[in-house]
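Please walk me through this model in the viewer, one selection at a time. Tell me what to select and what is there.

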Amino acid sequence: VSLTQPTATSVSSTPGRRAPLLVAGLFIIGALVVVAALGPVLAPYDPRALVGDAVEPPSARHLLGTNDIGQDILSGLVAGARSSLAVAVPAASLALGVGTVVGVGAALRGGRAGKATMRAVDGFLALPGFPLVVLLAALAGPSRAAVVVVVALAGWPPMARVLYGQALRLRERGFVRASRGFGARPGYVMRRHLLPALGPVAAAGFVQWAATAVVLESGLAFLGLADPTWVSWGSILHRALEYQGLYFSSLWVWWVLPAGLAITVTALGFTFIGVGLEPSFNPQWRRSL
Amino acid sequence: VTPYLLTLYVMVSLNFLLPRLMPGGPVEAQLTIGSPSYVYDSAAREALSAYYGLDRPLGAQYLTYLGGLARADLGLSTTTRTPVATLIADRLPWTLLLAGTGVGIATVVGFLAGAHAGWRREHWSDRTLVAAFVGLQNVPSFVLAALALLVFSVHLGWAPLGGARTPFVDLGPLALAADVALHLVLPACVLAAAVAAFQFLLVRAAVVTELGAEYMVLGKVKGLSRRQLKYRYAARNALLPLVGNTAVQLGAAVTATVFVERVFAYPGVGRLLFDAIAGRDYPVLQGCFLVITVLVLATNLAADIAYRFLDPRARP
């Protein structure tokens with residue numbers, strides 16, 4: 001190892017090196033979208049219907065066997081893709097929407113009102129998120145809308161923080177000042193100048209929170225806090241781990257492993273996209289990785 | 001300290017307000033005859049209505065709630081009719097032991113691996129380590145826990161299936177410690193895997209930034225060994241942020257115990273919370289929420305104080 005090499009800036013993680021990650025991430029999420037969209041066509045059975053005996057091993061009729069009450073596990077996995085996206089995408093969109101309005105609004109407004117808003121956001125950031133999410137989900141009862149809102153609620157403060165900082169920097173740029181000087185109203189400046197420039201930051205925030213939302217949703221389902229009529233990867237795992245005989249047979253190979261892999265690969269897919277997007281606007285990354 | 005007290009106060013008040021403001025009112029449903037979640041045990045129902053006091057004005061309810069908290073009165077469990085404070089006091093030591101051990105392992109492993117990866121940055125071993133830590137971080141802890149249990153306990157038989165110690169046996173102090181440690185290893189390692197990535201990336205980044213510093217060149221010219229340069233010079237700079245981060249990770253680990261304890265049937269607060277959710281035991285649920293919140297905030301505060309103590313620049 002040569003010690004005289006200049007350091008931080010020359011770590012060779014150039015943007016080009018991250019392109020494969022972006023491609024891999026897009027491929028994973030693209031495949032997930034296809035599975036979710038074609039769900040009922042791809043799945044051999046209705047995931048809720050009792051179509052076989054209890055805990056059948058994999059066979060030509062049930063490629064991944066059946067669970068403890070005779071539902072087809074493969075069909076459950078396919079349905080899980082849909083429930084995963086159905087929580088992650090709305091939750092991340094909601095978090096991004098609220099975060100944008102609050103963060104960019106505070107930056108445009110500036111002055112005392114803007115500062116006070118961001119102090120309140122800091123207050124939200126200081127609240128321990130996970131316990132609060134669990135309490136809210138438990139009290140709201142098992143419904144998908146509740147899970148979406150709760151996950152979004154935990155996600156908007158960090159987005160507001162990042163977008164506020166970025167918008168504040170933009171506000172001082174020439175073209176924004178000129179536009180305001182010509183008498184443009186905050187709404188117009190936001191639409192015309194700020195939102196396009198904030199696009200990459202917002203996109204990265206969106207995919208990062210989507211990754212968190214996938215894990216959070218499966219976690220809540222695992223804790224038994226998701227809609228019980230809705231098949232999700234977390235609820236498959238919940239059911240599998242409640243089954244007493246799981247540990248004394250090879251059931252876990254087709255019951256636990258595929259669902260666990262599905263959650264992990266989906267979260268990784270979103271993370272890859274996030275990391276792949278990052279360096280195009282944030283040279284800081286070169287230093288930390 | 002003030003912002004932490006303020007946050008604690010907000011959380012305590014949310015704990016009071018949320019069950020009362022939630023649409024549908026799950027607590028009220030438990031007290032209404034004919035609703036599906038009606039509590040049939042009359043003593044538990046009375047304790048529940050006394051604890052929540054829903055017939056009185058909100059302000060009076062709030063004062064009773066705060067007064068109860070001050071006396072560590074968290075109400076009665078609706079499923080076991082035991083005081084919630086007693087339940088939690090029984091479980092808390094196990095959670096602290098588990099989270100502490102997990103973060104300890106994560107910190108040691110993260111430090112050594114991070115120092116190595118930073119030192120050999122761009123080397124294949126660095127890339128492998130980065131990929132491994134970031135990958136592990138993306139596996140949900142309950143998936144990792146289930147797989148670890150299946151592989152190491154069920155198939156290899158290296159560790160017990162669950163629990164915190166062997167039940168129904170009297171062991172000497174030494175044998176008991178060994179038994180507890182044996183039950184602890186696997187869940188603690190799973191917990192460590194969940195938090196090690198942060199420690200690793202932190203140390204790695206710190207070492208990378210120090211590599212070209214002039215004092216490193218001087219050290220090399222002086223003829224110091226590579227070991228000394230690596231650990232006593234470069235990695236030493238990572239210790240300060242590492243200490244601050246360790247306390248924060250302890251808070252994160254406490255929340256992860258909710259999942260890990262469920263899989264390993266470990267008798268901690270997380271397992272209590274899981275059972276409370278399954279049994280719709282709202283007083284226990286809220287008690288666990290408060291305890292976990294206090295733990296997270298306390299570790300964050302400890303990190304702040306440690307930082308100020310260790311780094312004179314951070315003192316006001």
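Buried means under 20% relative accessible area, exposed over 50%, and partly exposed in between. Keep in mind throughout that this is a predicted model.

**Stop 1: helix H6 of chain B.** Select residues 124-138 of chain B. This helix has 15 residues. From first C-alpha to last it reaches 21 Å, close to the 21 Å expected at 1.5 Å a residue. Now colour its buried residues: Ser125(B), Asp126(B), Val130(B), Phe133(B) and Asn138(B). What do the buried residues of H6(B) pack against? Show helix H10 (257-277) of chain A, then helix H5 (84-119) and helix H8 (173-210) of chain B; the packing is against these.

**Stop 2: the cores.** Go to Leu223(A) and Val263(B), the residues with the most contacts inside the largest nonpolar core. That core has 142 residues. H7(A) gives the most to this core, with 15 residues. Apart from it lies another core, of 14 residues. Pick out Phe111(B), Trp119(B), Ala238(B) and Leu242(B), which are among its members.

Return to Leu223(A) and display its contacts. Leaving aside residues up to four places away in sequence, Leu223(A) touches Val134(A) and His238(A). On chain B, Leu223(A) touches Val258(B), Phe259(B), Phe274(B) and Ile277(B).

**Stop 3: Ala202(A).** Select helix H7 of chain A, residues 186-222, and find Ala202(A) within it. Is Ala202(A) buried or exposed? Ala202(A) counts as buried because its relative accessibility is 16%, below the 20% cut-off. Ala202(A) touches Leu96(A) and Leu163(A), not counting residues up to four places away in sequence. Draw a C-alpha to C-alpha distance to Gly99(A): 9.4 Å, for two residues 103 apart in sequence.

**Stop 4: salt bridges.** Side chains of opposite charge can pair when their charged atoms come close. How many salt bridges does the structure hold over all chains? There are three.

- Select Asp122(A) and Arg161(A). Their closest N and O atoms are 2.8 Å apart. The pair links distant parts of the chain, 39 residues apart: Asp122(A) is in helix H3 (residues 111-126) of chain A and Arg161(A) in helix H5 (residues 144-171) of chain A. Asp122(A) is partly exposed, at 29% relative accessible area. Arg161(A) is also partly exposed, with 29% relative accessibility.
- Select Arg262(B) and Glu242(A). Their side chains meet in a salt bridge at 3.0 Å, N to O. This pair joins two chains, because Arg262(B) lies in helix H11 (residues 239-264) of chain B and Glu242(A) in helix H8 (residues 233-242) of chain A. Arg262(B) counts as buried at 9% relative accessibility, whereas Glu242(A) counts as partly exposed at 42%.
- Select Arg271(B) and Asp275(B). Their closest N and O atoms are 3.2 Å apart. Both lie in helix H12 (residues 269-278) of chain B, four residues apart, about one turn of the helix. Asp275(B) counts as partly exposed at 31% relative accessibility.

**Stop 5: a surface patch.** Finish on the outside of chain A. Which residues make a nonpolar surface patch of about 380 Å²? Select Val34(A), Leu38(A), Val41(A) and Leu42(A). Zoom in on Val41(A), in helix H1 (residues 15-42) of chain A. Val41(A) is exposed because its relative accessible area is 70%, over the 50% cut-off.

Notes: Residues numbered from 1 in each chain as written. Chains lettered and ligands numbered in written order. Predicted model: local features only at pLDDT ≥ 70, side-chain atom pairs only at ≥ 80, totals over all residues. Heavy atoms only, no water. Patch = residues over 30% accessible without salt bridge, like charges linked within 9 Å, V, L, I, M, F, W, Y side chains within 5 Å. Areas by Shrake-Rupley, 256 points an atom, 1.4 Å probe, with all protein chains shown as cover. Salt bridge = Lys/Arg side-chain N within 4 Å of Asp/Glu carboxyl O. Buried < 20%, exposed > 50% of the residue type's maximum accessible area, 1.4 Å probe, protein only. Expected span 1.5 Å × (residues − 1). Contact = heavy atoms within 4.5 Å. Core = buried A, V, L, I, M, F, W, Y, C linked by side-chain atoms within 4.5 Å.
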